[in-house]
Amino acid sequence: MPGSHSPASFGKSLPERGLLLLVVLVFLEGSVLPLGAASSPDISPQDNNMDHDKDEVKGHNITKKAFPVLSVDYKHIHTPFEISLWVLLASLMKLGFHLIPRLSNIVPESCLLIVVGLLVGGLIKLAGEKVPPVLDSQLFFLCLLPPIILDAGYFLPIRPFMENLGTILMFAVVGTLWNAFFIGGLLYAVCQIQPANPSNLNQLELLPCLLFASIISAVDPVAVLAVFEEIHINELLHILVFGESLLNDAVTVVLYHLFEEYSGVGTVTVLDGILGVICFFVVALGGVLVGAIYGILAAFTSRFTSHTRVIEPLFVFVYSYMAYLSAELFHLSGIMALIACGAVMRPYVEANISHKSHTTIKYFLKMWSSVSETLIFIFLGVATVEGPHSWNWTFVTVTVILCLVARVIGVVGLTYVINKFRIVKLTTKDQFIIAYGGLRGAIAFSLCYLLRKDHFPMREMFLTAIITVIFFTVFVQGMTIKPLVELLAVKKKQEAKRSINEEIHTQFLDHLLTGIEDICGHYGHHHWKDKLNRFNKKYVKKCLIAGERSKEPQLIAFYHKMEMKQAIELVESGGGVKLPAAVPSTVSMQNIQPKKPPPAPPAERALPQLPKGREEEIRKILRSNLQRTRQRLRSYNRHTLVVDPYEDGLNDFLLKKQRMIELEKKITEMNNYLTVPAAPPDSPTISRARLASDPQAYSVKPMSDSVPTIQVDLASPQSPDSVNLMDEFRRAGQHQHQDDDEDRGLMMKPPSEGRRPNKPGEAEGAKDQQRLVRCLSDPGPSADEDEDEPFLP
Amino acid sequence: MGSSSSALTRVPQAEQLMQETGFSPAHIVRLFDRFEFLDKERRGELRPQDFGAVKELAMNPIGDRIIGAFFPPGQETVDFPSFVRVLARFRPVDKNRSRDPTQPEPVNSRTGKLKFAFQLYDQDRDGKISRAELLQVLRAMLGMQVTEEQLQSIADRAIQEADLDQDDAISFEEFRKSLEKVNIDHKMSIRFLR
């Protein structure tokens, strides 16, 4: 092993690297061989076998061969096999890059992947095989692109997007149009210039030029995502460039079809132009509409999934994909449909689904989009090697230069106009980054690939030029943007930890501004936003969100989310089985009064009491679950996932742990609770109500699990569970806490050690703990599976 | 805006107001028209009831506080200059304002906006947002949908987060600090009042 003698600090990386390279080589071999076997016309042993089998079937009297114990039949599986190999290659490459930190700091991943693609393409070509046409339209547009766009759309930060929508639209629509016509026109002019020796460039008509220009003028979301994710730029710039790359799809679609249609004919009339404009609106708005419809359908479906949690993520994915396909069916903008679908369905779906489903969706989307992106860049490299190429110095260099120039002029000009309408103006630095971030990518290449050779004799030249531009933008601009961002001291992304104060005050200010606008008689931004919110709250939420969650105000949801995160942190840091009982619930069976915050006299506060058998079950489940969650501490990191609550400072934990221990002491004194006949505790509404949240009418769900509270699938990110937990902590925190020498590291002492002073309280705590824990590990198909897991010491 | 000069003459103290607040003549006229619309009885000043003409304010959870903010403590009426001065706070910030330390900070600066918001919380004007005041605001915003306990815990947590000097209330400095990540210039500006 290469690394066995290296010092400890390198001990991990070197052997891994060596192994990785080895594996990669093996796989390359593996990929080349089957390709060879598949496409070679020689008679291989398998053919012989097949022939012989056929002969036998036909009944000819051929000599009987021995029964083939082991046979090779590659044709049978070759397509899925190759696909899997490619995916595996892509993933291994990704792994490999991150093992070499220095490299990935300097060079963005997209560049490395293209290089790998080049290598692989070269290898394949050396082996004499035909490179699979991997960037042809079917594969790319139907399989590789949707996951990336869905990922982007689902996690699109709505508020900054909407706030800057005008700017984004300006850049996307007007900017792309400007780019297309500027580049197309000037290219045509350049081509027409006849130097001493007329080249075949002169044959280039205006329309193909414009078509080429429209393909190349669109900023590519894949490339932008890939590069911008690594530079952690501030939210405004990110959303501007990224939003532009998403929304310019509509323009591209229309221009592409327009010019492609008429390139054969050779002329475009004014009528066609007008129709084109109308088509643009149809394409854009139609795409959004299709997406929104599917989004609402998905949200509505998710309302009913409380009994079949396992397939919840599937709905999200399938509805979104259907939206994309439906839009493509009508030649509408599939990208915009996907974005609309994801953005529309997200708030409602997230209110309905369980925590585990939420995590699943998040990780699946990140995983798919990650793999897709990797594959796209690798294929780009492979396709570059394959060609077909036709290099023409003039054309290519002029294209590259024009792209840059057009972008800069476009951004500067548009910003000048936009700044007249913006409250927060775009500075020169911002403009520079926006212009510099206009990367082109694989979409342009694929669109060009789609062109038919008979209509476009210059297709190969186009391809070469596009590849050059893509390489230029991705390599040069992609590599230098990070140092430039540092150099120009552009504001970086702030850590998104919102405090409750911010949330309260932001809402307050929203109301304030709405009021002021109303007083001024001005129907501005806030007015419409307020109206939309009201409409949303009154009608839409009722339809699309299941049960009680529809009435939860946003502030409360946010607050619960925060509390939940904290509670999870607490648990993971060693919160212990002995979490204090939930505070005084305000609800007994009689106490539920619709619409009035119950006065909640202290005497009525009660803790339901659990029968002993249940306690045992609960404790067992708790142990196993807590253990599992602790092992899950390390977070997966694509490049940026949502800031992980698990990875916060440890000091907080210790402090809270102290407080919590204080609390335990307090619990030993809490011996005098009235008990209420245990209400069927598994209804989410009841448990929520128990913890003093919703005083409104609830419906009792039948208990379908042996253990109580397992049904509580509040385990969605906005669960109200932890409210009272934190209450207790806070109250405990008010006291002076001394450092106890109770062991803090050990949480999972088996309860039989008899440290429980108070059975009901303990059970309560256990139940609560479980409820929290349930949020982390939502009951899958059956809760029983949990109980079977051995307790890992 | 050919009519602006003649319309401007109708407006009391127009010049002075423009100087003070930085509004353009067109805006002053527009605001005056609005003022007159609200002031149905043509008394030249507004009373709290006149704001009732704005129907949306009734639905606004802090509508009454906003109305109250127009009236200085103790006064029952507000005349046009005061009306304009209050609204001036919501003008977008002038980025290229000369940083002249001798000049008083304009009322629509970030600090000015924050002060206005702070005063809306701090009804008794003691310079701090006490827990009770915060609770009042929360109750107004969240209404009937949450229990008292939840409100308490939210208020507790908010104060805990923001209160740096442990006096169980939020002073202006603490208020400002808790909002340092929020783009107040953007959030508290009304575009058309530029």
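In this predicted model, the side chain of Asp430(A) reaches the backbone nitrogen of Thr427(A) at 3.1 Å. Asp430(A) belongs to helix α18 of chain A, which covers residues 428-436. The residue is buried, yet Asp430(A) has no salt bridge. Arg422(A) is the nearest side chain of opposite charge, and Arg422(A) lies 7.2 Å away. A salt bridge requires the nitrogen and the carboxyl oxygen to be within 4 Å, so a separation of 7.2 Å does not qualify. Neighbours within four places in sequence aside, Asp430(A) is in contact with Leu237(A) and Lys425(A).

Confidence in chain A was examined next. The mean pLDDT of chain A is 71. A score of at least 70 is reached by 62% of its residues. Among the elements of chain A, helix α14 (residues 312-329) has the highest mean pLDDT, at 92. The lowest mean, 38, belongs to helix α29 (residues 784-788) of chain A. Two stretches also call for care. Residues 34-58 of chain A have a pLDDT below 50. Beyond near neighbours in sequence, the model gives this stretch 19 contacts. Residues 630-649 of chain A also stay under 50. For them the model has 42 contacts beyond four places in sequence. Where pLDDT is low, the predicted coordinates should not be read in detail.

Charged pairs were then considered. Side chains of opposite charge can pair when their charged atoms come close. Over all chains, the structure holds 14 salt bridges. One of them joins Glu350(A) to Arg346(A), with N and O 3.4 Å apart. Both residues sit in helix α15 (residues 334-352) of chain A. They are four residues apart, which means a separation of about one helical turn. The two partners differ in exposure. Glu350(A) is buried, with a relative accessible area of 9%. Arg346(A) counts as partly exposed, at 22%.

Chain B also contains salt bridges. Lys128(B) and Asp167(B) meet through their side chains at 2.8 Å, N to O. Lys128(B) lies in strand β3 (residues 128-130) of chain B, while Asp167(B) lies in the loop between α9 (148-162) and β4 (169-171) of that chain, so the pair ties together parts 39 residues apart in sequence. Lys128(B) is partly exposed, at 29% relative accessible area. Asp167(B) is partly exposed too, with a value of 29%. A further salt bridge links Lys177(B) with Glu180(B), whose closest N and O atoms are 3.7 Å apart. Lys177(B) is partly exposed, with a relative accessible area of 45%. Arg131(B), Asp156(B) and Asp168(B) are joined in a network of salt bridges.

The overall make-up of chain B was also described. Its secondary structure comes to eleven helices and four strands. Chain B has 194 residues, of which 48% count as buried. Contacts between residues at least 6 apart in sequence were considered for this chain. Of these, 56% join residues at least 24 apart.

Two helices of chain B illustrate burial. Helix α5 (residues 63-70) of chain B is mostly covered, with six of its eight residues buried. The buried residues in α5(B) are Gly63(B), Arg65(B), Ile66(B), Ile67(B), Ala69(B) and Phe70(B). Their cover comes from both chains. It includes α21 (500-520) of chain A. From chain B it includes α4 (55-59), β2 (78-79), α6 (80-88), α7 and α8 (131-142).

Helix α7 of chain B, part of that cover, is itself mostly covered. Nine of the twelve residues of α7(B) are buried. These are Thr111(B), Gly112(B), Lys113(B), Leu114(B), Phe116(B), Ala117(B), Phe118(B), Leu120(B) and Tyr121(B). The length of α7(B), residues 110-121, was checked as well. At 1.5 Å a residue, its twelve residues should span 16 Å. The end C-alpha atoms are 17 Å apart, which agrees.

A last residue concerns helix α3 (residues 25-38) of chain B, where Ala26(B) is found. Ala26(B) counts as partly exposed, at 24% relative accessibility. Ala26(B) and Leu8(B) are 18 residues apart along the chain. Their C-alpha atoms are separated by 8.4 Å.

Definitions and conventions. Residues are numbered from 1 along each chain as its sequence is written. Chains are lettered from A and ligands numbered from 1 in the order in which they are written. This is a predicted model: local features need pLDDT of at least 70, side-chain atom pairs count only at pLDDT 80 or more; totals for chains, interfaces and linings use all residues. Side-chain values use heavy atoms; hydrogens and water are left out. The expected span of a helix is 1.5 Å times one less than its number of residues. Buried means under 20% relative accessible area, exposed over 50%, partly exposed in between (1.4 Å probe, protein chains only). pLDDT is the predictor's confidence in each residue, from 0 to 100. Contact means heavy atoms within 4.5 Å. Lys and Arg count as positive and Asp and Glu as negative; His and the chain ends are not counted. A polar contact is a pair of N or O atoms within 3.5 Å; within protein, one must be able to donate a hydrogen and the other to accept it, and residues adjacent in sequence count only if both atoms are side-chain atoms.
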